[in-house]
Amino acid sequence: MASDWIEDVPLLRALDGPTKAMLRDAAIRKQIPRGAVLFRPGDQCVQFPLIVSGTVRVQRVTESGREIVLYRVSTNETCILTTASLLSDDAYAAEGVAETDVVAYIVPAERFAALMNTSEGFRALVFDGYSRRIATLMCRIEEIVCTRINVRLAERLLALRGVDNRICVTQQALAADLGTAREVVGRTLKTFERSGWVKLSRGGTEITDAGALRALCDAERD
């Protein structure tokens with residue numbers, strides 16, 4: 001039921017009654033299929049999405065065509081670019097793509113402004129999400145600049161592996177996640193394979209020595 005969705009989202013559950021009522025009245029439920037583009041660079045922001053299931057990937061595409069994943073937005077999180085665009089009335093500077101099927105409640109820009117003006121709890125929610133995402137982006141920039149690509153790739157492979165130790169993700173997607181070129185990922189994976197740590201195939205990558213990958217990551221942190 002529409003009246004229950006707010007209670008199912010921890011981010012919204014602590015809001016006061018009047019704010020919840022305004023959200024229920026303003027928000028429109030929307031189902032977004034995997035692969036759909038929610039916004040592109042240059043688009044004007046006209047709505048504030050509250051995601052109740054699924055994940056949106058926010059990325060930049062460089063002039064050379066390389067994709068760089070900035071962050072992902074899932075349940076209980078907000079999108080910093082959306083917030084910035086709504087508050088400043090500036091256009092989007094990146095692209096948002098549904099990485100999975102997504103269910104979201106969409107708050108029109110004018111209702112978002114009304115909530116920001118009248119609800120202390122909603123303002124706190126928005127700015128808390130904004131500050132958390134800024135901190136995440138700073139950590140990501142530091143990671144890209146300071147951590148070797150082989151270590152970052154090892155960490156990503158360990159995070160993505162399934163119960164069968166397989167990772168069904170393309171090298172291009174790994175490169176976008178790590179903020180590097182596909183060729184760099186390919187060379188690093190080949191090095192891992194020669195070391196006996198992974199096995200490469202057309203369908204993806206299989207981890208054959210998780211302990212060695214983890215030791216590589218631990219050595220970087222020590």
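Helix 3 has plenty of company in this predicted model: its buried residues pack against strand 2, strand 3, strand 4, strand 5, helix 4 and helix 5. Which residues of helix 3 are the buried ones? They are Ile80, Leu81, Thr82, Thr83, Ser85 and Leu86. Right after helix 3 comes Asp89, with a positive phi near 65°.

Now for the nonpolar cores. Nonpolar side chains tend to be buried together in soluble globular proteins. Here, the largest nonpolar core has 37 residues, and Leu12, Leu23 and Val107 touch the most other members. Helix 3 is one of the elements that each supply at least two residues of this core, and so are helix 2, strand 7 and helix 5, among others. Strand 7 gives the largest share, 5 residues. Apart from that core lies another, with 19 residues, including Val151 and Leu216.

Let's look at who touches whom, leaving out residues up to four places away in sequence:

| Residue | Residues within contact |
|---|---|
| Val107 | Leu23, Ala26, Ala27, Gln47, Phe48, Leu50, Phe112, Leu115 |
| Thr147 | Glu142, Arg152, Glu220 |

Thr147 sits in the loop between helix 5 and helix 6. Why does Thr147 count as partly exposed? Because its relative accessible area is 21%, while buried means under 20% and exposed means over 50%.

Finally, compare Thr147 with Asp89, the residue that follows helix 3. The two are 58 residues apart in sequence, and their C-alpha atoms are 35 Å apart in space.

Methods:
Residues numbered from 1 in each chain as written. Predicted model: local features only at pLDDT ≥ 70, side-chain atom pairs only at ≥ 80, totals over all residues. Heavy atoms only, no water. Buried < 20%, exposed > 50% of the residue type's maximum accessible area, 1.4 Å probe, protein only. Helix = DSSP H or I, 4+ residues; strand = E, 2+ residues; numbered from the N terminus. Contact = heavy atoms within 4.5 Å. Core = buried A, V, L, I, M, F, W, Y, C linked by side-chain atoms within 4.5 Å.
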